[in-house]
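Trainee: Please pick one part of this model and take me through it closely, then place it in its surroundings. I would like the cut-offs behind each term as you go.

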Amino acid sequence: MNALSTRNRKLVYMGIVLALLVPIIYLGQPPTTGASASGGLISRMRFEEDLGEASLGDVDPASTSMSLVLLGLRGIAANILWMQAEEEKMTKQWSQLERTVESILLLQPHFQSVWKFQCWNLTYNVSAECDAVEDRYFWVKRGLIFLTRGVDRNRYIPELPHDAGDFSGKKIGRADEREFYRKFFVVDPDRERFNGGPDKAVNPDGIDNYLRAREWYQLANDRADLGKVQQHKMDFPLFFAYPYRSLFDYATAQQQDAVNAPLEDIPSLFQDAQQRWAEAAREWTSIYGRKVFTVPIFGTLQIDGTEEELAQFAAADNMSLEQKLVFRDRYQNTVGYRFWKTRCEVEAETEMSDAHRLLVEGRRKYERDQDMVGAEEAYREGLLKMQSMFQKFAGEFGPNQLGIDDRDLAEEVIKALIFYRSTRELLGNPVDENEDYPMRQLWIDPEMQSQIKELLEKFQRWQGGLTT
Amino acid sequence: MTTLQLPYDLLGGVLHWLAAVLVVCAVGLFVGMVVSLLTVGPRGPGLVVDVLQRGLHDMLHMSARRIGAIASLTMKESFRKKAFAVLVVFIILFLMAGFFLRNPERPDDLPAKPYIAFVLMTIRWLTLPVALLLACWGLPTDIKDRSLHTVVTKPVRRSEIMIGRFLGYGAVTTIFLLVMSLIGYVFINRSVPELSQPQLVSRVPVYGSLTYLDRNGEPGEGVNTGDIWTFRSYIEGLTKAAAIWKFDNLDVERLKQHDGLRLENRFEAFRTYKGVIGQPIMFRITLVNPTKKLRVTNGDLVKGVAEFSEERQRSAALEEDPAAESFGGLRTESTISIPRTITYIDVSGDRGGDQAKTVDLFDDLIDGNSLTVEVTCQDRDQYLGTAQSDLFIRLPDRGFASTYFKSIFTMWLMLMLICLLGTTASCFVKGPVATLLTFSLFMLGEHLRPQMDHLLKQFNENDRQVLGGGVLESVYRIVLQMNPSQELPDNPAMTIMQWIDRRVFDMLGIFRNVIPNFEYFNTAAYTANGFDVSWNTALLPAIATALAYLLPCVLLGYFSLQLRELEAK
Amino acid sequence: MSAEAVIQTRNLSKTYRDFWGRPKVRALNSLTLDVNRGEIFGLLGPNGSGKTTTLKLLLGLLFPTEGDVSVLGKPAHDVSKNERIGYLPEESYLYRFLNADETLDFYGKLFDMPSKVRRERRDKLIEMVGLQNARRRQLKEYSKGMTRRIGLAQALINDPELVLLDEPTSGLDPLGTRDMKDLILKLKEQGKTVVMSSHLLADVQDVCDRIAILYAGELKVVGNVADLLQSQDETQILSSQLSPEAVQEVEAVLARHGATVKRVSHPTSTLEDLFLRTVEESKARPGRRFGPGEGPAAKS
């Protein structure tokens, strides 16, 4: 073929091989010990950038071998699997879909979108397709278990535990099926298998879903604090508020649960809720409010920073104190800092707790026991306590400040007033509009009229026998 | 089973086959004549006739012993060349199956379906390359090593070589498949979690034909509730809308032995509002005898929708506990038992009042040998999703082994066809080309056929137009970034382009007839979903397809070998 | 010739073509040849002269470009003629993963022989070629000589009338060559017709009755070995070693009869002379064809 003899050609090949080996060795030499800045350039960089499989999270040998076996075809294989997953979702083959997702994970274990997207798929899309509520819960749970693994596989990504918090908290606690889901979270519907307890895979300690969510959010915050992987989900102060806010959610849920709880449990539920509010108040102001964070443009801030503190940040960031104060206030508004602060303080009061309890008791007496006298009494007492609380926290908008800030509270009070008026009517002693009944100031507040009208209509429908 | 296969039209298939074979033969003969005329001149056609005569003679004088000798030689070759190493790979894969089927948190949650699908898929994809490589490389290697020369100097017909080789590869592949399928069977039985074990069955369904009444009670269609998948049609609750199944050709005498009837449904619910969360959407079954004008239903025939009950593992207790918290104790099951005697209230009205009556399922409701079942939704403004395969009569189950090994059988047929095609291809091309050719045929027949059918259907129904055009037009549109609905400029070049595209589609339409439909050989869906692999929708077409290629392939292989100078350098 | 022709070729030509069908090599040009029953016929020629092509055309492995072949009275493409033919390929193209027993059994089956007959033939042939001790070893472990021997055995499995041997002695050591030649002669004794090709002249000279010399696809010489080598105007006397005195005496006797002694020497392989001369002649005058009895040897 050419002038070179076979032997010479082989020598040339050998020379090329050797020449190529030099950069390969320089770049690719494996580390001498498991995890250290030794070995070739790539392995050193991997260590420095924390890209090693072991440092990213739990190692899965199947996944690693899978990537090896596929050589360069991993991307193509992953694409095909994604398409297959969509096809299976379309044709409603859920168990196959789950298998396919598992296979995708073998290929892309550190791609957080896989975890998020497919968890969402199972938790929201698949579960919504099912008619039986246990089936829906089953798929919510599958999604959550799935995401839990993602959290373990990727130990620096803050968004994954944050998502897990969202699913544990919001999906379980705010779905239309929340009554079932919240119960199922603590007592799995498959009682035989879980011995009447929770499914440990989603709820190892058998706690309320909001408390579980709080743990997840806390983990997310810890990871975000580590700073190895940035979260891009939302503005940092909002992201960081979640563990505390799930405590608010929990306490609120406790109060709501009381409506259907056994009579003897009601006091303890309210006590617990009150304690939680107190705890939340403490954390909100002393931990969250004190948290120092740095955001783009606005620099270093504290949600509840004092002027001296902000002055220091201003000096460091080369800004004026006025600017920092504006930023701080803007963030306080964004996260509803003052609102929640007040809310926690209000709810942590024994009188407020009692007020809630009495209103619930009144409702039970009215609805279940048909005890109008007892109901009237409970409502009156509860409303009186409510009034006292409203007075205590009256602000720039007058005595109804609490109700204006917190529409849920306003609704609670208006409902109580409707029932109170109904009991009075049933007892043959209708409320005289000029009479000074408790919480009258809310009833006549022009701001409240549309809400009152709406709730009255609802009440009339309900009384008319329709349960909707 | 999500989709329903239509029963196979054997007669139509055979006629189609005959037509295709005749056309191919005629074309082959014509081409042979022309080529011979061009190469050897006027003597050519005579030679072609001569070759055909010899071919006929050779075909009729084959010896079983010679074929057997070549087949057993082939087997020895495969085994002595260590082809069984594939089995080792297979076993290792199964040992590692945990990796692929794992569910680290919850191994017990898995239904049986993924296990079955995994095993069948693994066997399929491990035996396929074995068959492919063995069959495609054997003869070319034989020719390359010239060992075939010694063989053809014996009184061996080339057809015997071809058939012997095919049988040999077939036998080797069969042994592989047998071993793998047995291991797979044991694997499934051992690995499927205890809770899912009941899913290892072979249900024998009898499907009916489905018609709809719309909300005004007129014959019509169901409603699409926005699902992308148009498989199911939905009927509105508490209207006159109904889905009506008619089960024909029932073996009534056999059904009578079971003193009742078992229906199974996989309806889907679609809620326009949440409704009562703990309660299923309800549907009512009405048994109708149109001849006797009987319409029978009662409270026992109102059931809750049990959606996707196979898509997850439920614990038995949950299914059986009537006081289970949700669903208000309403039983939602996919199976519905219809007793032999049914009491109902006659509201037909000609005698005025409500009258409790009793009818016999077999004597009164089954009309001749057909049964009509009407399904309506019982919840206002909610919808019930139905498809033809969503309601069927479930005959007594068979063992899981029956459906599993039937699936293995269709897989075996597929492998035989691969061996046949590979051997045939290797009669006229070298190993790599034969492999590529056979594998392409497989991919075409298995994966691209649906798209091809879809395109051709569009082409034929849509005035010989396909959205976006054919090959050239598509390329043109892509390059110029024109969307499919934009008009092409009106000039001769476009006309020529479209003319060529249409010819390409015509060719596609012709070639489609000779590409084996490999989809018939994949019955894993039946087995994985716990259904019997039925004779006339799955087994028959698979057998017919495999057999259809036998004679043409043997002929093609024979003439290729016969007309080939083995010694040509 | 009165003897029955077992093989007849008439104007047999073979042109190899390239991928595009263009003629590439004219491997055989217009060969007309008869081989008679019961003789050992040698095809002689340098490498690439068309010997193997001829054999393969006879067997129907190749299709003639022009001309006709008839083997045992049948056209070459007729498979049934193979029933009565045995063929030993140039290299033994056998299945290397089989052992000797299996090999013979396999080829026996190809002749549709019942198993009893197969066993008998197998044992007999294995003994004949002397492979009793190696019959259960796979062929890939065989030496070259053993491979040739099993090759011959398989060629004889059907007790053929006509045996075609392609370079039967190639690669064999002198002892093996001798054995092979003896076997070929034995075949003739059994009344078989043998056609062998070789480029080793001594082999051909020793065993063949008639030979054809091919060069560049053309038949140059064909005829009886003895005739071809015999010069009509010369007589060769071969004796045991004579003393110079005795030689003188013989010369005297010859002189008395009017003959002159041209040369006194030890015999050489004269076929080699013939062959080399033929080849040289062909190079000098391509296309020249020599009939029997008028070869270059006869003219010198």
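Mentor: Happy to, and let's start with the background: of the 569 residues in chain B, 49% count as buried, where buried is under 20% relative accessible area, exposed is over 50% and partly exposed lies in between (1.4 Å probe, protein chains only). Keep in mind that this is a predicted model, in which local features need pLDDT of at least 70 and side-chain atom pairs count only at pLDDT 80 or more, while totals for chains, interfaces and linings use all residues. Residues are numbered from 1 along each chain as its sequence is written, chains are lettered from A and ligands numbered from 1 in the order in which they are written, and side-chain values use heavy atoms, with hydrogens and water left out.

Chain A, where our close look will be, has 468 residues, of which 50% count as buried. Its secondary structure comes to 23 helices and 2 strands, while chain B has 17 helices and 16 strands; helices (H or I, at least four residues) and strands (E, at least two) are DSSP runs, numbered from the N terminus. Taking contacts (heavy atoms within 4.5 Å) with a separation of 6 or more, residues 24 or more positions apart account for 64% in chain A and 79% in chain B.

Now to the part itself, helix H5 of chain A, residues 74–90. The expected span is 1.5 Å times one less than the number of residues, so these 17 residues should cover 24 Å, and the end C-alpha atoms are indeed 24 Å apart. The buried residues of H5(A) are Ala77(A), Ala78(A), Leu81(A), Trp82(A), Ala85(A) and Glu88(A). Viewed down the axis of H5(A), they fall within an arc of 140° and therefore line one face of the helix; the arc is taken from the directions from the helix axis to the C-beta atoms. Asn79(A) and Met83(A), on the other side of H5(A), are exposed. Just after the helix, Lys92(A) has a positive phi of about 60°.

What lies over that buried face? The cover includes helix H6 (94–107) and helix H7 (112–129) of chain A. The axes of H6(A) and H7(A) come within 11 Å and cross at roughly 175°, with axes being lines fitted to C-alpha atoms, for helices over the stretch in contact, and angles running from 0 to 180 degrees between N-to-C directions. That makes H6(A) roughly antiparallel to H7(A), since angles over 145 degrees count as such, under 35 as roughly parallel, 65 to 115 as roughly perpendicular and the rest as oblique. Among the residues of H6(A) that meet H7(A) are Trp94(A), Leu97(A) and Val101(A); on the H7(A) side they include Trp115(A), Gln118(A) and Leu122(A).

To place this in the wider assembly, look at the largest nonpolar core: of its 153 residues, Phe106(C) and Leu164(C) touch the most other members. Such a core is a set of buried Ala, Val, Leu, Ile, Met, Phe, Trp, Tyr and Cys residues joined through side-chain atoms within 4.5 Å. Apart from it lies another core, of 42 residues, including Trp94(A) and Trp115(A).
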